[in-house]
Amino acid sequence: MNPISVLHIDLFQKGKTTSDFYFNTMKNHLVVGHSHIEKPHRHDFYAAVLFTNGVGVHEIDFQKYEVTEGSLFFLSPGQIHSWELSEDIEGYIFFCSQEFYEMHYVNQKLRNFPFFGSVSFPRKLQLNTEDLKTTVTLFQELGQEHLSKNIMKEGMILSLMSRIFINSTRLFSKDFDTLASAGGLSYFKHYQDFENLIEQHFTEQKSIAYYASLLGISSKHLNRIVQTVVQKTATDVITERVVLEAKRMLMYLDESLVEISLRLGYEEYSYFVRVFRKSSGMTPTQFMRKYKA
């Protein structure tokens, strides 16, 4: 099985000295990166993609999203994605390294934005006509600044990126009541802390009580937080993260199913299959057949 490639920003830079920020129109990007992005792949950077014309399907971590005018996507490092786009596709894309953004901000981190900070958060924001117009203007200003030789160019690029991220968070909050209040934001911060702990321990620890203890709260309160933020149980979130990792491993590791189940902390392969099937609706073998095809 061929491994899923991990793409770096410098693959798209064509000899430019900087490799921590990239901007392009979608048409040019598809030409520049065609040999790299025609198959499912992962990034080691954060990305935003805005479509202004055309249609298609964008698959991110095995979830399919419809692409239409006004579709805005956010991608975090490590996510597997691919797309099938119509020939008349248009839009804009930019990505940056974590260091490029965060070395200039003391308190603001990329993972503070919900679409970068949570595995469970939607990756797509569908913009209406008015919001699309505003967002297109910001993307165009970002592209113009990227090509300029203006003084304090980097600061302006960072400012425009932040405006896009903040505006998008506000637009997402219209659909997610949790983000629209101070109490909701506090819950979301707790939820992010929960997800961060899962990232560190999910291969060894799958107990709600374990994570609640690390967070200094009760299992009941942790479930309340998770239910409020993502309308799932804490167990669901832990299991979904494990199964996502299993899917990634099935795609890019040349190991047996038994070896992968052991990597993920399941000593009984049959139990791993039951968990995988309950979460994804298919067995690991069926999943591999589907995606290899």
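In which loop is glutamine 231 found? In this predicted model, glutamine 231 belongs to the loop between helix 9 and helix 10, and its backbone deserves a remark, since phi of glutamine 231 is near 55 degrees, a positive value in a residue other than glycine. Most residues other than glycine have a negative phi. Phenylalanine 62 is a further case, with a positive phi of about 70 degrees although phenylalanine 62 is not a glycine. This phenylalanine is placed in the loop between strand 5 (56-60) and strand 6, and because its relative accessible area is 12%, which is under 20%, phenylalanine 62 counts as buried.

The confidence of the prediction can be stated for the protein as a whole and for its elements. The average pLDDT of the protein is 86, and 86% of the residues score at least 70. Among the elements, the lowest mean pLDDT, 48, belongs to helix 2 (residues 34-37), whereas the highest, 97, belongs to helix 5 (residues 129-147).

Attention may next be given to a pocket. The second largest pocket holds about 620 Å³ of space. Its lining is made up of 30 residues, of which Gln63, Val119, Ser120, Lys232 and Glu240 are the closest to the centre of the pocket. Two or more lining residues are supplied by each of strand 6 (63-67), helix 7 (182-201), helix 9 (219-230), helix 10 (234-252) and helix 12 (269-280), and the largest share, six residues, is that of helix 10. When the lining of this pocket is sorted by residue character, 15 residues are nonpolar, seven are polar and eight are charged.

Aromatic side chains form another theme. A search of the whole structure finds 35 aromatic pairs. A pair of aromatic rings is described by the distance of the centres and the angle of the planes. For phenylalanine 51 and tryptophan 83, the ring centres are 6.1 Å apart and the planes stand at 85 degrees; an angle over 60 degrees counts as edge-to-face, and the pair is therefore assigned to that class. This contact joins distant parts of the chain, given that phenylalanine 51 lies in strand 4 (residues 46-53) and tryptophan 83 in strand 8 (residues 80-85), 32 residues apart. Both phenylalanine 51 and tryptophan 83 are buried.

The pair formed by phenylalanine 113 and phenylalanine 115 is stacked, with 5.9 Å from centre to centre and 5 degrees between the planes. Phenylalanine 113 is classed as buried because its relative accessibility is 4%, and phenylalanine 115 is likewise buried, with a relative accessible area of 0%. A ring is also involved in a contact with a charge, for the charged end of lysine 206 sits over the ring of tyrosine 266, at 4.9 Å from the centre of that ring.

Several separations between C-alpha atoms show how residues some way apart in sequence are placed in space. Isoleucine 208, which lies in helix 8 (residues 208-215), is 15 residues from asparagine 223 in sequence and 8.3 Å from asparagine 223 in space, C-alpha to C-alpha. Isoleucine 208 counts as buried because its relative accessibility is 17%, whereas asparagine 223, a residue of helix 9, is partly exposed, with a relative accessible area of 25%. Asparagine 223 also takes part in a further separation, as its C-alpha is 8.4 Å from that of threonine 235, which is 12 residues away in sequence.

Comparable descriptions can be given for valine 55 and arginine 274. Valine 55 is found in the loop between strand 4 and strand 5, and with a relative accessible area of 48%, a value below the 50% that an exposed residue must pass, valine 55 is therefore partly exposed. The C-alpha atoms of valine 55 and serine 71 are separated by 9.5 Å, the two residues being 16 residues apart along the chain. Arginine 274 is located in helix 12 and, at 45% relative accessibility, counts as partly exposed. From arginine 274 to proline 284 the distance in space is 9.6 Å, C-alpha to C-alpha, and the distance in sequence is 10 residues.

How values were computed: Residues are numbered from 1 along each chain as its sequence is written. This is a predicted model: local features need pLDDT of at least 70, side-chain atom pairs count only at pLDDT 80 or more; totals for chains, interfaces and linings use all residues. Side-chain values use heavy atoms; hydrogens and water are left out. pLDDT is the predictor's confidence in each residue, from 0 to 100. Helices (H or I, at least four residues) and strands (E, at least two) are DSSP runs, numbered from the N terminus. On a 1 Å grid over the protein atoms alone, a cavity is a set of points where a 1.4 Å probe fits but cannot get out, and a pocket is an open set with protein on both sides within 12 Å along at least five of seven lines; lining residues have an atom within 4 Å of a point. Grid points are joined across faces, edges and corners, and a volume is the space filled by probe spheres set on the points. Ala, Val, Leu, Ile, Met, Phe, Trp, Tyr, Cys and Pro count as nonpolar, Asp, Glu, Lys and Arg as charged, and the others, Gly among them, as polar. Rings of Phe, Tyr and Trp (its six-membered ring) pair if their centres lie within 6.5 Å; planes under 30 degrees apart count as stacked, over 60 as edge-to-face and the rest as tilted. Buried means under 20% relative accessible area, exposed over 50%, partly exposed in between (1.4 Å probe, protein chains only). A charge sits over a ring if NZ of Lys or CZ of Arg is within 6 Å of the ring centre and within 35 degrees of the ring normal.
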